[in-house]
Amino acid sequence: MCASCRASERRWRVLSQEQIYIRTKGYGWIEFKVAFSSAKDKTTGTPEDPLKRLIQITKEEMGRTPPEEPPVMESHIRKVPVLGTLALQAKRFKAESLFSIEDLRARRGEYEAAWVIRWRSREGEGGGEEGEAK
């Protein structure tokens with residue numbers, strides 16, 4: 001088989017796969033979802049297979065109109081509920097923490113004022129950021 005023939009087959013396969021993706025993912029018609037390769041079925045994955053499947057799909061979709069809005073796909077990941085409660089070690093760390101988010105937010109103005117004073121004093125000394133040469 002010549003190289004241009006293989007390239008043409010590859011183009012047809014890719015175009016057919018894209019058209020099938022448009023119908024399954026773009027329109028949300030999941031009943032047309034197909035596998036493009038299979039270890040069990042040797043005919044699945046041949047260059048002719050996607051084109052044959054696309055022809056079959058176009059016959060079955062006659063009379064359907066594509067949706068105005070694309071569908072919102074649901075996640076395939078199952079949501080696992082949280083089981084149990086915090087471990088004793090986690091509770092202890094939380095109790096021993098030096099700062100809480102609320103404390104830090106409340107003292108934000110203090111920290112900002114201290115930083116401005118420190119920055120201005122360095123600027124007056126002729127220095128810049130930490131580690132910079134004067």
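## A helical protein and its charged pairs

R108 has a relative accessibility of 54%, so this residue counts as exposed. Keep in mind as you look around that the model is predicted. The protein holds five helices and zero strands, and reading along its sequence gives the pattern α-α-α-α-α. Below, we visit the overall build, the salt bridges, one buried phenylalanine, and helix α2.

**The protein as a whole**

- The protein has 134 residues, and 11% of them count as buried.
- About 12,000 Å² of the protein is exposed, with carbon and sulfur atoms supplying 57% of that area.
- Among the contacts with a separation of 6 or more, 54% are between residues 24 or more positions apart.

**Salt bridges**

- Side chains of opposite charge can pair when their charged atoms come close.
- How many salt bridges does the structure hold? There are four, and three of them are described here, beginning with the pair E61 and R23.
- In the salt bridge of E61 with R23, the closest N and O atoms are 2.8 Å apart. Because E61 lies in the loop between α2 and α3 (88–96) while R23 lies in helix α1 (residues 3–26), this pair ties together parts that are 38 residues apart in sequence.
- Are E61 and R23 buried or exposed? E61 is buried, with a relative accessible area of 13%, and R23 counts as buried too, at 11% relative accessibility. Both values fall under the 20% cut-off for a buried residue.
- E31 pairs with R64 in another salt bridge, whose closest N and O atoms are 2.5 Å apart. This pair also links distant parts of the chain: E31 belongs to the loop between α1 and α2, R64 to the loop between α2 and α3, and the two are 33 residues apart.
- E31 has a relative accessibility of 48%, so it counts as partly exposed. R64 is likewise partly exposed, at 37%.
- A further salt bridge joins the side chains of E112 and R108, at 2.9 Å from N to O. E112 and R108 both sit in helix α5 (residues 108–125), four residues apart, which is about one turn of the helix.
- An α-helix has 3.6 residues a turn, so residues three or four places apart point the same way.
- In this helical pair, E112 counts as partly exposed at 41% relative accessibility, whereas R108 counts as exposed at 54%.

**F32, a buried residue in a loop**

- Where is F32 found? This residue is in the loop between α1 and α2, and F32 is buried, with a relative accessible area of 5%.
- Leaving aside residues up to four places away in sequence, F32 touches I20, T24, I57, E60, E61 and R64. You have already met E61 as a salt-bridge partner of R23 and R64 as a partner of E31.
- F32 and I57 are 25 residues apart in sequence, and their C-alpha atoms are 6.6 Å apart in space.

**Helix α2 and its two sides**

- Helix α2 has twelve residues and spans 17 Å from its first C-alpha to its last, close to the 16 Å expected at 1.5 Å a residue.
- Which residues of α2 are buried? They are D49, P50, L54 and I57. These residues cover an arc of only 125 degrees around the axis, so they lie on the same side of α2.
- The cover over the buried residues of α2 includes α1.
- On the other side of α2, K52 and K59 are exposed.
- I55 also has its place in helix α2 (residues 49–60). I55 counts as partly exposed because its relative accessibility is 43%, which falls between the cut-offs of 20% and 50%.

**A nonpolar patch on the surface**

- Together with W12 and L51, I55 makes a nonpolar surface patch of about 290 Å².

How values were computed:
Residues numbered from 1 in each chain as written. Predicted model: local features only at pLDDT ≥ 70, side-chain atom pairs only at ≥ 80, totals over all residues. Heavy atoms only, no water. Patch = residues over 30% accessible without salt bridge, like charges linked within 9 Å, V, L, I, M, F, W, Y side chains within 5 Å. Areas by Shrake-Rupley, 256 points an atom, 1.4 Å probe, with all protein chains shown as cover. Buried < 20%, exposed > 50% of the residue type's maximum accessible area, 1.4 Å probe, protein only. Contact = heavy atoms within 4.5 Å. Expected span 1.5 Å × (residues − 1). Arc of directions from axis to C-beta.
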